[in-house]
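The questions below ask why certain terms apply to this protein, and each answer sets a value against its definition.

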Amino acid sequence: MEMKLFISLAIVTAAVLMLHQLTVTAATIAHHTTTPAANASLSGFSLQLVDGADHEGLDHAAVRRGGDGFLHLQSQSLLRATNSSAASPEMTTYTPLRLPSAVVVGVGTGRGHQDYLFQVANTPSTLIWMQCKGCDPYSLQRHPLFDLSASPTYHLVRGTDPFCQPPFWSDYHGAACGFRVTGPRGMMVEGYLGADTLTYSGKVHEHVPFGCAHEAHNFQNDGQFAGIIGAAVLGHGLTTFSYCLFHGGGDGETSRRRGFLRFGTDVPRNPRYRTTRILPALEGHEALGHYVSLVGVSLGARRLDAIRPEMFARREDGEGGCVVDLGTPVTVMAEEAYGVVEEAVWSELRRHGAERVERPGTGYGLCVRASEGIKGRLQSLSMSLHFSEEEAVLVVAPEQLFLMVDDEEQGRRIACLAVTPGRRTVVGALQQVDTRFVFDLKESKLSFAPESCMQDTVEVV
């Protein structure tokens, strides 16, 4: 209620106190203007990707890279983590695995300035939104909620402004512009559009519009993120962006390194890129991500014939389909297709004497006791995702297909298939490790190629 009251009072007194701010021109708001010096030479730049634990120097001990190449999770940490989820679509389970997928963005000026962690979403959406002071309810985050009243450069976007077009709407007789964002598992965020100064990539970006949330229901932000920001927004007019995820683990060396979100001319060239088409966004569903046409799955060299393209088809109501998401920790697969994959993996492991282990409450459908013999078999299993273009095949290495869970209490090690069932297919971050992804929004193309992503990192000082 505090946030709503503040907004109401701000609107009532706007004519006296904020008239010069509320009449910012449509061009200033719509085009996210920057300082002239920043805009003049902007053909490419890069942002460091971080995670919440890395940014705050927290302990990564719950995750470590084993000598076998797999990521090892502590069992008790896995069970504790199932009570919360990452801020990403369709995720039904969560592990302590945190692959860097956030950026640090400064918001506001004067005493209202604060650096925030924003979850990066590689979606077509151009709306940035964050929780603001007075938001009720809200999700706990790493930094204090943004106090818009403390930033002298903050101003509301008027409902009469040409920027306030659907899906936004005019409110308070045109004095404000409302927004609403919905998502899986009951997420619903709403508030009013404002504009303020954002600072990132070493540049100041003035009059950037964003959603200031006064209600944030079921925002599953891992207790870290202030809000969501799209890679397309960060690109600031550049239509090509790229990232290459590496295993963060918890082994000291890798946990002190950061990768990059690269834009424009900073995107590396690679003759080995394979390319698939980014499908047009459906009206009202663009926030879910960039859709691609997945048509089949292979386990090792064997194509799983029981998996049909229609299992991944996108429906007009926005259900189904396949998206590639930076913020989802592990791959979610449409239930019908997931059942085929799980049965194929289990059939292969069972032939080699695997013992199945139930892990209720974790969301993982297939776990087995990781004896030395079975672990050796796991190291030979890969999964390939086939897109509609014949040459566009994304190969998921065994180290990205299985997670090792160390159950110290029972003195055993368990291997879990790092794919979970869901309503739509989401290629998650773990399955993107050591592959560079390039999104060309102008040409509607997604390209990818294997790469040692550790080579594109810097050490955190």
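**Disulfides, cores and rings**

When the bonded cysteines of the protein chain are numbered in sequence order, their pairing reads 1-4, 2-3, 5-8, 6-7. The model is a predicted one, in which local features need pLDDT of at least 70 and side-chain atom pairs count only at pLDDT 80 or more, while totals for chains, interfaces and linings use all residues. Residues are numbered from 1 along each chain as its sequence is written, and side-chain values use heavy atoms, with hydrogens and water left out.

Q: Why is the link of Cys132 and Cys212 called a disulfide?
A: A disulfide is a pair of cysteine sulfur atoms within 2.5 Å. The S to S distance of Cys132 and Cys212 is 1.8 Å, so the pair meets that definition. A search of the whole structure finds four disulfides.

Q: What makes the link of Cys132 and Cys212 left-handed?
A: The angle about the S-S bond is -120 degrees, and the link is left-handed with that value. Cys132 lies in the loop between β6 (129-131) and β7 (155-156) and Cys212 in strand β11 (residues 203-217), so this disulfide ties together parts that are 80 residues apart in sequence. Helices (H or I, at least four residues) and strands (E, at least two) are here DSSP runs, numbered from the N terminus.

Q: How do you know that Cys164 and Cys177 are joined by a disulfide, and which parts of the chain does the pair link?
A: Their sulfur atoms are 2.1 Å apart, which falls within the 2.5 Å of the definition. The pair links distant parts of the chain, with Cys164 in the loop between β7 and β8 (169-171) and Cys177 in strand β9 (residues 176-182), 13 residues apart. With 95 degrees about the S-S bond, the link of Cys164 and Cys177 is right-handed.

Q: Why does Cys164 count as buried?
A: Buried means under 20% relative accessible area, exposed over 50%, and partly exposed in between, with a 1.4 Å probe and protein chains only. Cys164 has 9% relative accessibility, so Cys164 counts as buried. Its partner Cys177, at 0% relative accessibility, counts as buried by that rule.

Q: What makes Cys367 and Cys416 a disulfide, and which parts does the pair tie together?
A: The S to S distance is 2.0 Å, and the definition asks for sulfur atoms within 2.5 Å, so the pair qualifies. Cys367 lies in strand β21 (residues 367-369) and Cys416 in strand β25 (residues 412-417), so the pair ties together parts that are 49 residues apart in sequence. Cys367 is buried, with a relative accessible area of 1%, and Cys416 counts as buried at 1% relative accessibility.

Q: How do you know that Cys135 is in no disulfide?
A: The nearest cysteine sulfur, that of Cys132, is 7.6 Å away, whereas a disulfide needs sulfur atoms within 2.5 Å, so Cys135 is left unpaired. Cys135 is nevertheless buried, with a relative accessible area of 4%.

Q: What makes a group of residues a nonpolar core, and which residues have the most contacts inside the largest one?
A: A nonpolar core is a set of buried Ala, Val, Leu, Ile, Met, Phe, Trp, Tyr and Cys residues joined through side-chain atoms within 4.5 Å. The largest has 95 residues, and those with the most contacts inside it are Leu234 and Met333. Helix α9 (residues 335-350) gives the most to this core, with eight residues. A second, separate core of 17 residues includes Cys164, Val189, Phe219 and Ile228.

Q: Why is the pair of Phe241 and Phe263 called tilted?
A: Rings of Phe, Tyr and Trp (its six-membered ring) pair if their centres lie within 6.5 Å; planes under 30 degrees apart count as stacked, over 60 as edge-to-face and the rest as tilted. The centres of Phe241 and Phe263 are 6.3 Å apart and their planes are at 45 degrees, so the rings pair and the pair is tilted. Phe241 lies in strand β13 (residues 240-244) and Phe263 in strand β14 (residues 257-264), 22 residues apart.

Q: What makes Phe437 and Phe448 a tilted pair?
A: Their ring centres are 6.0 Å apart and their planes are at 35 degrees, so the pair is tilted. Phe437 is buried, with a relative accessible area of 1%, and Phe448 counts as buried at 3% relative accessibility. Phe241, Phe263, Phe437 and Phe448 are among the members of one aromatic cluster, which also includes Phe45 and Tyr243.
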